[in-house]
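User: I have not seen this structure before. Can you take me through it in short steps?

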Amino acid sequence: MTAKSIEKPPVWFWIVSIVALLWNLMGVLAYLQQAFMTEEALAALSEPERLLLETRPAWATAAFALAVWGGLLGCIALLLRKKWARPVLVISLIGILVQMIHSFFISNNLEVYGPGEISMPILILLIGVGLVIFARISARKLWLG
(Lines give C-alpha, C1' and ligand atoms only; values in the text may rest on other atoms or scores of the structure.)
Protein backbone atom coordinates (compact mmCIF):
# COMPACT_ATOMS: atom_id res chain seq x y z
CA MET A 1 0.00 0.00 0.00
CA THR A 2 1.40 3.40 -0.94
CA ALA A 3 0.51 6.50 0.98
CA LYS A 4 0.76 9.91 -0.59
CA SER A 5 2.54 12.35 1.67
CA ILE A 6 1.06 15.76 2.23
CA GLU A 7 3.19 18.54 0.83
CA LYS A 8 3.81 21.86 2.53
CA PRO A 9 1.74 24.53 0.76
CA PRO A 10 3.30 27.81 -0.36
CA VAL A 11 2.66 31.08 1.47
CA TRP A 12 0.15 32.20 -1.18
CA PHE A 13 -2.05 29.19 -0.31
CA TRP A 14 -2.43 30.58 3.21
CA ILE A 15 -3.05 34.10 1.95
CA VAL A 16 -5.77 32.95 -0.46
CA SER A 17 -7.35 30.73 2.21
CA ILE A 18 -7.42 33.52 4.82
CA VAL A 19 -8.82 36.09 2.36
CA ALA A 20 -11.45 33.53 1.29
CA LEU A 21 -12.37 32.91 4.93
CA LEU A 22 -12.80 36.64 5.53
CA TRP A 23 -14.90 36.93 2.35
CA ASN A 24 -17.16 34.12 3.50
CA LEU A 25 -17.43 35.62 7.00
CA MET A 26 -18.82 38.76 5.33
CA GLY A 27 -21.35 36.53 3.55
CA VAL A 28 -22.35 34.92 6.85
CA LEU A 29 -22.79 38.37 8.40
CA ALA A 30 -24.98 39.45 5.45
CA TYR A 31 -27.07 36.32 5.87
CA LEU A 32 -27.46 36.82 9.64
CA GLN A 33 -28.33 40.49 9.13
CA GLN A 34 -31.07 39.50 6.70
CA ALA A 35 -32.30 36.49 8.68
CA PHE A 36 -32.61 38.43 11.92
CA MET A 37 -33.74 41.76 10.51
CA THR A 38 -35.80 43.69 13.01
CA GLU A 39 -39.24 45.06 12.24
CA GLU A 40 -37.77 48.56 12.43
CA ALA A 41 -35.06 47.76 9.89
CA LEU A 42 -37.60 46.10 7.61
CA ALA A 43 -39.88 49.13 7.87
CA ALA A 44 -36.96 51.41 6.93
CA LEU A 45 -36.62 49.69 3.54
CA SER A 46 -38.43 50.94 0.48
CA GLU A 47 -41.69 49.10 -0.20
CA PRO A 48 -40.29 47.17 -3.21
CA GLU A 49 -37.23 46.08 -1.17
CA ARG A 50 -39.41 45.05 1.76
CA LEU A 51 -41.71 43.05 -0.52
CA LEU A 52 -38.71 41.26 -2.05
CA LEU A 53 -37.60 40.10 1.38
CA GLU A 54 -41.08 39.24 2.63
CA THR A 55 -42.01 37.21 -0.44
CA ARG A 56 -38.72 35.33 -0.84
CA PRO A 57 -39.45 31.59 -0.83
CA ALA A 58 -37.92 29.42 1.89
CA TRP A 59 -35.87 27.49 -0.67
CA ALA A 60 -34.14 30.70 -1.81
CA THR A 61 -33.32 31.59 1.79
CA ALA A 62 -32.06 28.03 2.33
CA ALA A 63 -29.84 28.37 -0.75
CA PHE A 64 -28.41 31.60 0.69
CA ALA A 65 -27.70 29.83 3.99
CA LEU A 66 -26.13 26.85 2.21
CA ALA A 67 -23.94 29.16 0.14
CA VAL A 68 -22.55 31.20 3.03
CA TRP A 69 -22.27 28.51 5.72
CA GLY A 70 -20.83 26.03 3.20
CA GLY A 71 -18.34 28.63 2.04
CA LEU A 72 -17.29 29.34 5.61
CA LEU A 73 -16.91 25.65 6.45
CA GLY A 74 -15.05 25.00 3.19
CA CYS A 75 -12.57 27.79 3.91
CA ILE A 76 -12.02 26.51 7.43
CA ALA A 77 -11.32 23.09 5.88
CA LEU A 78 -8.79 24.72 3.53
CA LEU A 79 -7.01 26.29 6.50
CA LEU A 80 -7.05 22.91 8.26
CA ARG A 81 -5.73 21.40 4.99
CA LYS A 82 -8.57 18.89 4.72
CA LYS A 83 -9.46 17.27 1.42
CA TRP A 84 -13.19 17.58 2.18
CA ALA A 85 -12.88 21.32 1.55
CA ARG A 86 -13.61 20.73 -2.14
CA PRO A 87 -16.98 18.92 -1.81
CA VAL A 88 -18.11 21.44 0.81
CA LEU A 89 -17.16 24.32 -1.49
CA VAL A 90 -19.03 22.59 -4.35
CA ILE A 91 -22.13 22.48 -2.13
CA SER A 92 -21.63 26.18 -1.38
CA LEU A 93 -21.38 26.87 -5.12
CA ILE A 94 -24.63 25.00 -5.71
CA GLY A 95 -26.25 27.23 -3.08
CA ILE A 96 -24.88 30.29 -4.88
CA LEU A 97 -26.25 29.09 -8.21
CA VAL A 98 -29.72 28.37 -6.81
CA GLN A 99 -29.78 31.75 -5.09
CA MET A 100 -28.74 33.50 -8.31
CA ILE A 101 -31.37 31.65 -10.33
CA HIS A 102 -33.98 32.97 -7.94
CA SER A 103 -32.55 36.49 -7.94
CA PHE A 104 -32.23 36.87 -11.71
CA PHE A 105 -34.90 34.67 -13.22
CA ILE A 106 -37.71 34.32 -10.68
CA SER A 107 -37.81 37.46 -8.54
CA ASN A 108 -37.71 41.05 -9.71
CA ASN A 109 -34.39 41.97 -8.04
CA LEU A 110 -33.11 43.76 -11.12
CA GLU A 111 -36.24 45.93 -11.31
CA VAL A 112 -35.99 46.83 -7.62
CA TYR A 113 -32.24 47.41 -7.35
CA GLY A 114 -31.39 48.29 -10.95
CA PRO A 115 -28.82 46.87 -13.38
CA GLY A 116 -25.93 47.94 -11.13
CA GLU A 117 -27.01 45.17 -8.77
CA ILE A 118 -25.66 42.53 -11.14
CA SER A 119 -21.97 43.18 -10.38
CA MET A 120 -21.95 41.77 -6.82
CA PRO A 121 -23.76 38.50 -7.67
CA ILE A 122 -21.36 37.95 -10.58
CA LEU A 123 -18.42 38.54 -8.24
CA ILE A 124 -19.90 36.10 -5.70
CA LEU A 125 -20.34 33.48 -8.40
CA LEU A 126 -16.80 33.95 -9.74
CA ILE A 127 -15.31 33.67 -6.26
CA GLY A 128 -17.38 30.54 -5.60
CA VAL A 129 -16.11 28.91 -8.80
CA GLY A 130 -12.59 30.09 -8.02
CA LEU A 131 -12.65 28.52 -4.57
CA VAL A 132 -13.75 25.16 -5.96
CA ILE A 133 -10.92 25.30 -8.51
CA PHE A 134 -8.48 26.39 -5.80
CA ALA A 135 -9.49 23.45 -3.59
CA ARG A 136 -9.16 21.02 -6.52
CA ILE A 137 -5.68 22.30 -7.36
CA SER A 138 -4.68 22.24 -3.69
CA ALA A 139 -5.79 18.60 -3.38
CA ARG A 140 -3.99 17.66 -6.60
CA LYS A 141 -0.76 19.29 -5.36
CA LEU A 142 -1.18 17.29 -2.13
CA TRP A 143 -1.56 20.38 0.06
CA LEU A 144 -4.77 18.89 1.43
CA GLY A 145 -4.96 15.51 3.07
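Below is a run of questions and answers, moving from the whole chain to single residues.

User: What does the secondary structure of the protein come to?
Analyst: First, a caution: this is a predicted model. From the N terminus on, the elements run α-α-α-α-α-α-α. The total is seven helices and zero strands.

User: What box do the C-alpha atoms of the protein fill?
Analyst: The box is taken along the principal axes. Its rough dimensions are 60 × 30 × 25 Å.

User: What percentage of the residues of the protein count as buried?
Analyst: Buried means under 20% relative accessible area. The protein has 145 residues. The share that counts as buried is 33%.

User: How much of the accessible surface belongs to carbon and sulfur atoms?
Analyst: The accessible surface of the protein comes to about 8900 Å². The part that belongs to carbon and sulfur atoms is 70%.

User: Among contacts between residues at least 6 apart in sequence, what percentage join residues at least 24 apart?
Analyst: Contact means heavy atoms within 4.5 Å. Among the contacts you ask about, the share joining residues at least 24 apart is 79%.

User: How far apart are the mean positions of the positive and negative charges?
Analyst: The protein has 11 positive and 8 negative charges. Each set has a mean position, and the separation of the two is 30 Å.

User: Which residues gather in a patch of positive charge on the surface?
Analyst: One of them is Arg86, which lies in helix α5, residues 85-106. Arg86 has a relative accessible area of 35%, so it is partly exposed. The patch is made by Arg86, Arg136, Arg140 and Lys141.

User: Which residues make the nonpolar surface patch?
Analyst: The patch covers about 440 Å². Leu32 is one of its residues, and helix α1, residues 11-35, holds Leu32. The full set is Leu29, Leu32, Phe36 and Trp69.

User: Why does leucine 32 count as partly exposed?
Analyst: Partly exposed is the range between buried, under 20%, and exposed, over 50%. Leucine 32 falls in that range because its relative accessibility is 31%.

User: Is valine 132 buried or exposed?
Analyst: Valine 132 sits in helix α7, residues 119-140. The limit for buried is under 20%. Valine 132 has a relative accessible area of 12%, so it is buried.

User: Leaving aside neighbours within four places in sequence, which residues is valine 132 in contact with?
Analyst: One partner is Arg86, a residue of helix α5. The partners of valine 132 are Arg86, Leu89, Val90 and Leu93.

User: How far apart in space are valine 132 and methionine 120?
Analyst: In sequence, the two are 12 residues apart. From C-alpha to C-alpha, the distance is 19 Å.

User: Is glutamine 99 buried or exposed?
Analyst: Glutamine 99 belongs to helix α5. Setting aside neighbours within four places in sequence, glutamine 99 is in contact with Ala63, Phe64 and Ala67. Its relative accessibility is 18%, so glutamine 99 counts as buried.

User: Is isoleucine 106 buried or exposed?
Analyst: Isoleucine 106 is also placed in helix α5. Beyond neighbours within four places in sequence, it is in contact with Trp59 and Ile101. The limit for exposed is over 50%. With 53% relative accessibility, isoleucine 106 therefore counts as exposed.

User: What separates the C-alpha atoms of isoleucine 106 and threonine 38?
Analyst: Along the chain, these residues are 68 residues apart. Their C-alpha atoms are separated by 26 Å.

Notes: Residues are numbered from 1 along each chain as its sequence is written. This is a predicted model: local features need pLDDT of at least 70, side-chain atom pairs count only at pLDDT 80 or more; totals for chains, interfaces and linings use all residues. Side-chain values use heavy atoms; hydrogens and water are left out. Patches are made of residues with over 30% relative accessible area and no salt bridge: like charges are joined within 9 Å, nonpolar side chains (Val, Leu, Ile, Met, Phe, Trp, Tyr) within 5 Å. Accessible areas come from the Shrake-Rupley method with a 1.4 Å probe; for residues, only the protein chains shown count as cover. A salt bridge is a side-chain nitrogen of Lys or Arg within 4 Å of a carboxyl oxygen of Asp or Glu. Lys and Arg count as positive and Asp and Glu as negative; His and the chain ends are not counted. The place of a charge is taken as NZ of Lys, CZ of Arg, CG of Asp or CD of Glu. Helices (H or I, at least four residues) and strands (E, at least two) are DSSP runs, numbered from the N terminus. Buried means under 20% relative accessible area, exposed over 50%, partly exposed in between (1.4 Å probe, protein chains only).
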